[in-house]
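Notebook open, structure loaded. I want to look up the overall make-up, then a sheet, a helix pair and a couple of single residues.

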Amino acid sequence: MVLNTHIIVIFLDFKIELEDDFMIKFIEKERYYDDSPYTGSCYYYPTYMVKDEKEFFVAGGSKIEVNQSILTYSPLLWDIDAPNLYTMVSELYENDSLVDSQKNTFGFRTIAINKDKGFFLNGRYVPLYGTCNHQDHAGVGVAVPDSVNEYRIKLLKEMGSNAYRCAHGNPNPEILDYCDKYGILVWQDMMFACGMFPADEHYLNSVAEEVKDNVKRLRNHPCIALWNGNNENEISYFGWGWKDRYTPEEDRIYQSNLHKLFYDVIPEAIQAVDETRYYHPTSPVTGYNNIDYNMGDVHFWSVWKGG
């Protein structure tokens with residue numbers, strides 16, 4: 001997706017695999033809707049803003065990749081104060097018969113992270129006030145009803161939060177839908193926390209594919225601001241005494257594995273399917289036990305330890 005002040009080009013890539021021969025028409029339609037978080041109202045414009053279609057032939061047993069682009073002029077931007085959303089409707093026809101369709105919600109926005117100046121959303125400096133959130137909820141465990149997830153996101157918004165960290169891993173998809181809807185930015189963790197992991201070729205290939213699959217699944221959410229590689233994997237090794245348990249050779253192997261996984265494989269996998277977001281290799285990334293409040297990413301355990 002290419003963004004400037006007035007014109008946006010949406011690039012669309014699809015892969016289709018069929019068992020039989022088909023002549024297919026693929027149609028993309030984009031439309032705007034405003035789903036207000038406070039009134040619950042939803043407005044659909046009677047006509048589509050833009051539309052593109054392509055016809056192509058797919059031989060039986062083969063795969064085809066379809067590339068399309070849609071030009072949009074001066075769209076309403078997604079923002080924490082005005083979370084404007086759009087819907088992309090993808091329709092697949094065999095001759096003139098609709099055989100499949102899918103709707104994807106997305107938004108237009110820019111994000112920039114500057115180590116000296118902070119976080120910028122659509123060119124505007126935005127201080128982030130957020131919370132780390134595990135998916136479980138009192139009384140229901142991890143099988144949280146949608147209504148409870150929405151209640152939690154609304155409550156966070158009402159108390160002044162504009163950021164949400166999914167701790168630690170991929171959340172219930174509806175959580176991201178509600179963050180899109182209510183204008184809350186998301187720090188998205190990968191599936192690693194508080195441990196050391198192998199780095200053999202089979203394992204790294206498996207991780208790369210899982211990362212790509214999840215990033216592709218989640219990347220259309222405008223709320224997602226950054227991808228985070230792991231939670232406390234480095235601080236646990238270097239700051240909790242784990243490193244001291246191993247021989248120099250074991251230490252070399254563990255550090256090499258850590259670097260391969262979080263500084264090579266995961267960012268390369270993310271970059272392959274999403275070039276638009278910042279990647280944070282580990283959290284906390286600044287300081288281990290000697291934490292300074294001027295550092296950008298710290299974990300303050302004393303909040304519940306009473307320090």
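**Overall.** I began with a count of elements: the protein has six helices and 16 strands. I kept in mind that this is a predicted model. Next I looked up burial, and 43% of the 307 residues count as buried. I also checked how far apart in sequence the contacts reach. Taking contacts between residues at least 6 apart in sequence, 66% join residues at least 24 apart.

**The sheet.** I picked out an open sheet of five strands and wrote down its order, β12-β13-β14-β15-β16, with parallel pairing. Which strands sit at the edges? They are β12 (130-133) and β16 (278-280), and each pairs on one side only. I noted the twist too, which averages 25° from one strand to the next.

Then I zoomed in on one pair inside this sheet. Strand β14 (residues 185-189) and strand β15 (residues 224-228) run parallel, and four bridges join them. For a landmark I took W187, which stands opposite L226 in β15.

**Helix pair.** On to α1 (residues 146-158) and α2 (residues 173-182). To describe two packed helices, I need the angle between their axes and the distance between the axes. Here the angle is about 35° and the axes are 9 Å apart. I logged the crossing of α1 past α2 as right-handed.

Which residues meet there? From α1 I listed D146, N149, E150, I153, K154 and K157; from α2 I listed E174, I175, Y178, C179, K181 and Y182. Sorted by type, the residues of this contact are five nonpolar, one polar and six charged.

I recalled that an α-helix has 3.6 residues a turn, so residues three or four places apart point the same way. That is handy when reading the α1 list, where N149, E150, I153, K154 and K157 are among the residues that meet α2.

**E150.** I followed one residue of helix α1, E150. Leaving aside neighbours within four places in sequence, E150 is in contact with Y178, K181 and Y182. Two of these entries come with side-chain polar contacts: E150 to K181 at 3.0 Å, and E150 to Y182 at 2.5 Å.

**α2 itself.** Why do I call α2 largely enclosed by the rest of the structure? Because seven of its 10 residues are buried. The buried ones are I175, L176, Y178, C179, D180, K181 and Y182. K181 and Y182, the polar partners of E150, are thus in my buried list as well.

I also checked both ends of α2. At the N-terminal end, N172 acts as the cap, with a side-chain oxygen 2.9 Å from the backbone nitrogen of E174. Just after the helix, G183 takes a positive phi of about 80°.

**T282.** Last stop was the loop between β16 and α6 (302-305), where I found T282. Is T282 buried or exposed? With a relative accessible area of 1%, T282 is buried, the cut-off for buried being under 20%. Its side chain makes a polar contact with the side chain of N230 at 2.6 Å. Not counting residues up to four places away in sequence, T282 touches N228, N230, E232, N233, E234, Y263 and D297. One of these, N228, falls within the residue range of β15 (224-228), so I cross-referenced T282's contact list with my sheet entry.

Conventions. Residues are numbered from 1 along each chain as its sequence is written. This is a predicted model: local features need pLDDT of at least 70, side-chain atom pairs count only at pLDDT 80 or more; totals for chains, interfaces and linings use all residues. Side-chain values use heavy atoms; hydrogens and water are left out. Two strands pair if DSSP finds at least two bridges between them. Helices (H or I, at least four residues) and strands (E, at least two) are DSSP runs, numbered from the N terminus. Axes are lines fitted to C-alpha atoms, for helices over the stretch in contact, and angles run from 0 to 180 degrees between N-to-C directions. A crossing is left-handed if the near helix is turned anticlockwise from the far one by less than a right angle, and right-handed if clockwise. Contact means heavy atoms within 4.5 Å. Ala, Val, Leu, Ile, Met, Phe, Trp, Tyr, Cys and Pro count as nonpolar, Asp, Glu, Lys and Arg as charged, and the others, Gly among them, as polar. A polar contact is a pair of N or O atoms within 3.5 Å; within protein, one must be able to donate a hydrogen and the other to accept it, and residues adjacent in sequence count only if both atoms are side-chain atoms. Buried means under 20% relative accessible area, exposed over 50%, partly exposed in between (1.4 Å probe, protein chains only).
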